[in-house]
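User: I'm a first-year student and I'd like a close look at one small part of this model. Could you take me through the charged side chains that pair up, and then show me what the rest of the chain looks like around that story?

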Amino acid sequence: MTEPIRPPDLSTEQDFGGEEFAPLYTTTVTVTGGTAAHGRASGRARSDDGILDLDLRLPAELGGDGRGSNPEQLFAAGFAACFHGALSLLARQTALDPTAISVGATVAFGRDPQDGGYVLHVDLVVRWPGVTPDVAAPLLHRADALCPYARMAWHGTPTTITLAS
């Protein structure tokens with residue numbers, strides 16, 4: 001019999017303990033294969049533990065066959081899951097029931113009018129039946145500050161690019 005999932009301790013500050021970034025979890029996903037003539041990801045994405053293993057395909061809206069996931073879908077899933085987790089944590093800390101919370105993330109891929117490059121726009125829609133806007137608003141604001149994906153969207157993320165030999 002499988003043991004029920006136990007949520008982590010209700011902590012937003014207790015894990016902090018230093019002046020430098022301290023990773024709590026690290027994963028690597030590698031994309032291989034596919035076609036690159038269109039400049040968009042295709043091929044196979046596989047996590048280092050093998051749990052994530054899926055085909056990447058160009059969406060039908062961009063001329064592809066649409067028979068696989070695409071980076072925008074994966075980003076939307078990660079963002080929605082992360083924000084959902086942050087809001088659920090805050091709800092539990094304030095003795096509210098988070099089970100009815102749903103978070104939808106819409107990610108739009110398009111051209112940046114300033115330089116012609118590519119840019120993403122993200123819209124999050126939170127549904128929380130039975131909780132009034134007055135109660136939810138401060139928690140949404142705190143979740144926006146707590147969620148690493150939201151922080152990345154507002155402040156950027158330190159990134160290194162290395163050519164491996």
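Analyst: Let's start with one pair of side chains. Asp 53 and Arg 44 meet in a salt bridge, at 2.7 Å from N to O. Keep in mind that this is a predicted model, and that these distances are computed from it. As a general point, side chains with opposite charges can pair when their charged atoms come close.

How buried or exposed are the two partners? Asp 53 counts as partly exposed, because its relative accessibility is 35%. Arg 44 is partly exposed too, with a relative accessible area of 32%.

Now stay with Arg 44, as Asp 53 is not its sole partner: Asp 55 also forms a salt bridge with Arg 44, and here the closest N and O atoms are 2.4 Å apart. This pair links distant parts of the chain, with Asp 55 sitting in strand S3 (residues 53-56) and Arg 44 in strand S2 (residues 43-47), 11 residues apart. Asp 55 has 31% relative accessibility, so this residue is partly exposed.

Back to Asp 53, which has another partner as well. The side chains of Asp 53 and Arg 46 meet in a salt bridge, this time at 3.8 Å from N to O. A salt bridge here needs the nitrogen within 4 Å of the carboxyl oxygen, so the pair at 3.8 Å still counts. Arg 46 is partly exposed, with a relative accessible area of 43%. Put the pieces together and you get one network: Arg 44, Arg 46, Asp 53 and Asp 55 are joined by salt bridges that share partners. By this rule the count comes to 3 salt bridges.

Let's zoom out for a moment. The chain has 3 helices and 5 strands, and from the N terminus on they run β-β-β-α-β-β-α-α. Of the 165 residues in the chain, 21% are buried. The accessible surface comes to about 12,300 Å², and 57% of that belongs to carbon and sulfur atoms. If you look at contacts with a separation of 6 or more, residues 24 or more positions apart account for 40% of them.

So much for charges; what about the nonpolar side? The largest nonpolar core has 16 residues, and among those with the most contacts inside it are Leu 87, Trp 128 and Ala 143. Two elements give two or more residues to this core: helix H1 (71-93) and helix H2 (133-146). H1 gives the most, with 8 residues.

Helix H2 is worth a slower look. It has 14 residues and reaches 19 Å from its first C-alpha to its last, close to the 20 Å expected at 1.5 Å a residue. Which residues of H2 are buried? They are Ala 136, Leu 139 and Ala 143. Seen down the axis of H2, these buried residues fall within an arc of 70°, so they line one face of the helix. On the other side of H2, you'll find Pro 133, Asp 134 and His 141 exposed. What covers the buried residues of H2 includes H1.

Ala 143 lets you see this at the level of single residues. Leaving aside neighbours within four places in sequence, Ala 143 is in contact with Phe 83, Ala 86, Leu 87 and Leu 90.

Technical notes. Residues numbered from 1 in each chain as written. Predicted model: local features only at pLDDT ≥ 70, side-chain atom pairs only at ≥ 80, totals over all residues. Heavy atoms only, no water. Core = buried A, V, L, I, M, F, W, Y, C linked by side-chain atoms within 4.5 Å. Buried < 20%, exposed > 50% of the residue type's maximum accessible area, 1.4 Å probe, protein only. Helix = DSSP H or I, 4+ residues; strand = E, 2+ residues; numbered from the N terminus. Contact = heavy atoms within 4.5 Å. Expected span 1.5 Å × (residues − 1). Arc of directions from axis to C-beta. Areas by Shrake-Rupley, 256 points an atom, 1.4 Å probe, with all protein chains shown as cover.
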